[in-house]
Each structure stands twice: as C-alpha cells, then as structure tokens.
Amino acid sequence: MALIPATLTPASASASDAPASGSPDVTHGEQTTDLRKVRDFWTPASIARALANEKRDQARIARDAADASPAEARDRVRRSAPHLTAEAPPILPTPKGSASTATAAAEVPEMPVAEKVPFPQVPPATVVGKILYVDAAGEEHGCTGASIVADGKNTVWTAGHCVHPGDGSGSDGFYDLVVFIPGFRESLETPGDYDAPWGEWVAQSFVAPEAWTQDQDYYEGDLAAFTVEAPDGYTNLTDTVGALGYQFGAGSDWPDIIDSGYPGEGYNRTDMDGFTQFYCTGDVVDAGNWNPLDNRLEMNCDMGAGASGGPMATPEGQIVGANSHVENDDQGQRINDRLYSSDHGDQAVAVINAINDAN
C-alpha cells in the first residue's frame, strides 16, 4: 500500500446509501475472551505455529475453492436480491497517529512478482496488518486484514475464511483469540518474536455473509469484517493508522490495483516468512468473463499463504476485493501466479452495512 497516493481525503465517510431491503443475510458473532488473555496468548511459539499452519491452509482452501460450484450458488433464493452498491473514500490517520503521510505515485506499474513494502510501519502501509486466530481445534493460524472506513472507526476487512470455517456453525463458529496487528513485523531484538508498533487490536464483533458461514461460497462469500478494541494509549483504529475506503458492487474489472499481504510463501518464492508485508500491482479481471456465474476477481500476483484477506485496492485507496485463494494441482502444488478474490458485490455491501448498523 506504499503506492497509495497522498490525495486520500481526511473527510469522514458513511458506509452506503444502499437499501437494506433485499440485502443478503449475514451472520453476527462476538469474541468474548478477555483482552489480556488474547494478547498474552501470542508468544514466539504460538506465532511460529500460526505461520507454519498458513502453508497447509492454502492447500486446503485451494482444494475447497476448486470444488465449489457457482451455478449451484446462483440457484439459491438469497441470490435473487437486487444489485447493491456501496462506496466510501479512504481516510488518513490524524497527525497524532502519523509522522508521515502517503507517498504519491503518478503511475502504478505492472508488478506480479511481489516486492517488500519499503516502509511497512509508516502510513498508509499501516492500514494493512496481520490477523492471528485460533480455530475450533485449538490450532493457530495467520491471515491479513486492512483497516476500512466504517462507523465507530474500529473495523477490519478480511476474507471470510480468516474468521469463520464456513461450515454452517453460524454465530458460534467464529474463531477465537483473534487479533489485528497493523505494522506487524518480526522483532528486531528477538528473532521469532514480533513487534506491534501500532498496538494489538483485539477483535470484538464479527460480520460475515451467510454465503460464507453457511455455504462456504468462494465465488461471492469469502469476505468478512470485524470490529476491534483500541489498546491502551490509542483512541481508535482509523485515527491511528487510517482506513481504506471501498467500492463494492462496481464490477470485477479494475486497472492498476495494489494488492497487499503478509505471505508466508509464494509461487516459486523462498523469501516470504509471514512477518513481512509484500505488495503486487497490476490489473484485475473478471475470473469468468465467459461465465456470468463467476464474478471472482483475478490478479497476477505470486503472494501465497498468509496473504489471505489482504486488500485488493485502487490507487485512490478503495478496497474492491480481498485475497481468497489460488489454484493448485492434484498434489496440492500451486500451478500459477493467479490470486483470486470473491466478488465484492451484494455480499460485501450487506457486510459493511451490517457493521455500520451495529455501531
């Protein structure tokens, strides 16, 4: 996100004028674990297990996504909702939360081979952070998320599979010990440990579409949002690190997209460790241009495991997708550098509206 230009507006923004009627159903959940317990859980040992599990997660997610059927999903009654849109501009952090603003970029190059974000602890790169969580089996995992404009100024956008298994477990299925760490990095003093230069923001409430929580729909439902609690010394997430805006329901073809994440591996890469923020740039296309039932976003980007949930954003700083899955062969090996996002249409509008209604 270091390429987001400095034209981000500091003005406030509301979520959407989209009507609530006809909106897809969403699932709400809460994380009630004590804040201190969540923060204390994440030690060098638990971090190491989370990063190791990311690689296994990618193979499973790719397999599940390949088995998904958009035709069956489109037959569901809930897909009969009218086309919804929602848009909001990004917001810069307040001067207290930032010693620097964004770096202007007149042109976004085509860069499918991800590079390290040069200043990941400086806004606007700090809108992106590491998500850590524990699943129902007690295993640790990692993803990526981004601060997003929303009422309450404490909301993170990510992939649905980063907060819920999509197994029909509903409100009770949301993961535990979920924390968002903007500017996450490996400790400079203690290798294997981590630094949280902008604090650890513990998840409070979750919203994900039923298209994900009930149906594990990778084509339209692999997206979610959650609110966070400000750590001591901070007011809210938006004022601290800024927030990306969004354009939901505006289609699957976008030029000059900037894709950010914390990958633990990549396509033909050996230099990604899950601690370091990387980014790709390039055009995003409709993954199924020949298939009206497949409106996923497709981008050439070699980031892999751990980058799930990272934002696909315009140069103006608006989220249009979130990293979801890659393509693997029958042996579980990635076969190309394509990176996919669920369509951010009606389901995304429903989620951001539900988050705002809850605030």
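Q: Before we get to cavity linings, which residues count as nonpolar, charged or polar here?
A: Ala, Val, Leu, Ile, Met, Phe, Trp, Tyr, Cys and Pro count as nonpolar, Asp, Glu, Lys and Arg as charged, and the others, Gly among them, as polar. Also keep in mind that this is a predicted model.

Q: Ok. How does the lining of the largest cavity divide up, then?
A: Into seven nonpolar residues, six polar and no charged.

Q: And how much space lies in that largest cavity?
A: About 80 Å³.

Q: Which residues lie nearest its centre?
A: Gln58, Ser308, Ser324, His325 and Val326, out of 13 lining residues. As for elements, α2 (44-67) and β17 (318-325) are the ones that give two or more residues to this lining.

Q: How many cavities of 30 Å³ or more are there?
A: Three. The second largest has a volume of about 50 Å³.

Q: What lines the second largest one?
A: From the N-terminal side you have Glu54, Asp57, Ile61, Tyr133, Gly142, Cys143 and His161, and then Ala305, Gly306 and Ser308. Here the elements with two or more lining residues are α2 and β5 (140-147), and α2 gives the most, with three.

Q: What about the residue classes in that second lining?
A: Four are nonpolar, four polar and two charged.

Q: Switching to aromatics: how many pairs are there?
A: The count is 11 aromatic pairs.

Q: Why is the pair of Phe174 and Phe206 called stacked?
A: Because their planes are at 5°, and under 30 degrees apart counts as stacked. The ring centres are 5.0 Å apart.

Q: Where do those two sit?
A: Phe174 is in the loop between β6 (155-158) and β7 (176-182), while Phe206 is in strand β10 (residues 201-209), so the pair ties together parts that are 32 residues apart in sequence.

Q: Are they buried or exposed?
A: Both Phe174 and Phe206 are buried.

Q: And what kind of pair do Trp212 and Tyr218 form?
A: An edge-to-face one, 5.0 Å centre to centre with 85° between the planes. Trp212 is buried, at a relative accessible area of 1%, and Tyr218 is buried too, at 1%.

Q: Which residues form an aromatic cluster?
A: Phe184, Tyr194, Tyr262 and Phe275 form one.

Q: Last thing: where does the charged end of Arg296 sit?
A: Over the ring of Tyr340, 4.6 Å from the ring's centre.

Definitions and conventions: Residues are numbered from 1 along each chain as its sequence is written. This is a predicted model: local features need pLDDT of at least 70, side-chain atom pairs count only at pLDDT 80 or more; totals for chains, interfaces and linings use all residues. Side-chain values use heavy atoms; hydrogens and water are left out. On a 1 Å grid over the protein atoms alone, a cavity is a set of points where a 1.4 Å probe fits but cannot get out, and a pocket is an open set with protein on both sides within 12 Å along at least five of seven lines; lining residues have an atom within 4 Å of a point. Grid points are joined across faces, edges and corners, and a volume is the space filled by probe spheres set on the points. Helices (H or I, at least four residues) and strands (E, at least two) are DSSP runs, numbered from the N terminus. Rings of Phe, Tyr and Trp (its six-membered ring) pair if their centres lie within 6.5 Å; planes under 30 degrees apart count as stacked, over 60 as edge-to-face and the rest as tilted. Buried means under 20% relative accessible area, exposed over 50%, partly exposed in between (1.4 Å probe, protein chains only). A charge sits over a ring if NZ of Lys or CZ of Arg is within 6 Å of the ring centre and within 35 degrees of the ring normal.
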